[in-house]
Every structure is written in C-alpha cells, then in structure tokens.
Amino acid sequence: MLPEPYRLHHRADFSRTVRRGQRIGRRDLVVHALVHGYDGIMGASGRQDDPATAGSLVRIGGPRFGLIVSKAVGSAVVRHRVARRLRHMCAKVTADLPAEADIVIRALPGAAEADSDELLHQLRGALRKLGIAHESNGAAPGGRS
C-alpha cells in the first residue's frame with residue numbers, strides 16, 4: 001500500500017503536474033512527471049517558477065503519486081482493481097525517484113487486461129525515459145526492470 005505522504009490529493013497538484021510536467025505515453029499508461037526545485041517548481045522547460053505563485057512547497061515524505069483511472073478503463077470494480085495495482089507499483093518505485101517529484105499516472109483502457117509485471121515494466125521504463133528515475137538496486141524477477 002502507498003503511505004499517505006506519497007499521494008497527491010488536491011486538484012491543483014494534479015493540474016500542475018499534468019500541465020507543467022513532462023509526459024510520456026506507453027501502451028497501457030501515460031505518465032506525467034514534475035520535479036520541484038528548492039526555489040520553485042522545475043517545469044519541463046527547466047526554468048524555476050516563483051514559489052509564491054506555485055502554491056505550497058512544503059514536502060513531507062518522498063515522491064508523490066496521483067492516479068487517473070477513467071470510465072474508459074472499465075466498470076467501477078475494474079477501475080478500483082487497476083488503481084490498487086497501480087498504487088502497489090508506485091510503492092515499489094518510490095526508492096528510485098527524487099523526493100521532490102510529483103507523478104501522475106493515467107491508466108489507458110488496456111491497463112485492465114495488462115499483467116502487473118508488464119505495467120510495472122512500462123512504469124519504470126517511462127520514469128527512466130523521462131530522466132527522473134535512477135536504476136533500482138533490486139531488479140524485478142526475471143531480469144525485467
């Protein structure tokens with residue numbers, strides 16, 4: 001389970017991450033990432049914004065994750081199952097990410113049928129491609145990371 005300090009809750013945090021952050025699409029996921037600097041927010045352009053306009057920058061814990069699982073993914077039961085699986089995967093990758101990162105994961109319809117190992121592989125690959133994840137010390141079973 002993903003502890004409370006590692007979750008995005010406010011709409012403004014989701015919007016800021018999706019609008020200002022970097023994005024990469026995979027077959028079953030779209031990953032948005034925004035890394036906060038000490039003086040403000042580091043956007044995709046690499047420049048820091050004014051912290052007074054960026055909102056609260058008080059950080060507790062490590063990287064924060066938000067999930068978007070729309071009705072296109074399936075029924076409520078399927079959506080909740082996908083969200084639980086994604087939260088479990090987020091807990092596995094927290095050690096690989098900087099504490100200043102906000103990550104929003106949008107599940108695509110294929111996520112409902114995808115294997116958990118495949119989703120984890122897509123998530124780790126997307127985070128590495130975005131340049132915010134460093135290599136994990138504990139590789140996934142079967143040589144996949």
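In the predicted model, residues 138-145 keep a pLDDT under 50 throughout, and nine contacts beyond four places in sequence are present for this segment. A second segment, residues 43-56, likewise has pLDDT under 50 along its length; for these residues the model contains 23 contacts beyond four places in sequence. Where pLDDT is low, the predicted coordinates should not be read in detail. Over the protein, pLDDT averages 82, and a value of 70 or more is reached by 76% of the residues.

Helix H3 comprises 18 residues, 76-93. At 1.5 Å a residue, a span of 26 Å is expected for H3, and the separation of its end C-alpha atoms, 26 Å, agrees with this. The buried residues of H3 are Arg 79, Val 82, Ala 83, Arg 85, Leu 86, Met 89, Cys 90 and Val 93. Viewed along the axis of H3, these buried residues lie within an arc of 165 degrees and therefore line one face of the helix. The elements covering the buried residues of H3 include three strands, E2 (29-36), E4 (64-69) and E5 (101-107), together with helix H4 (116-130).

Gln 122 is located in helix H4. The relative accessibility of Gln 122 is 5%, so this residue counts as buried, the cut-off being under 20%. With neighbours within four places in sequence left aside, Gln 122 is in contact with Arg 26, Arg 27, Asp 28 and Leu 29. Leu 29 falls within the range given for strand E2 (29-36), one of the elements that cover the buried residues of H3.

Notes: Residues are numbered from 1 along each chain as its sequence is written. This is a predicted model: local features need pLDDT of at least 70, side-chain atom pairs count only at pLDDT 80 or more; totals for chains, interfaces and linings use all residues. Side-chain values use heavy atoms; hydrogens and water are left out. Helices (H or I, at least four residues) and strands (E, at least two) are DSSP runs, numbered from the N terminus. The expected span of a helix is 1.5 Å times one less than its number of residues. Buried means under 20% relative accessible area, exposed over 50%, partly exposed in between (1.4 Å probe, protein chains only). The arc is that of the directions from the helix axis to the C-beta atoms. Contact means heavy atoms within 4.5 Å. pLDDT is the predictor's confidence in each residue, from 0 to 100.
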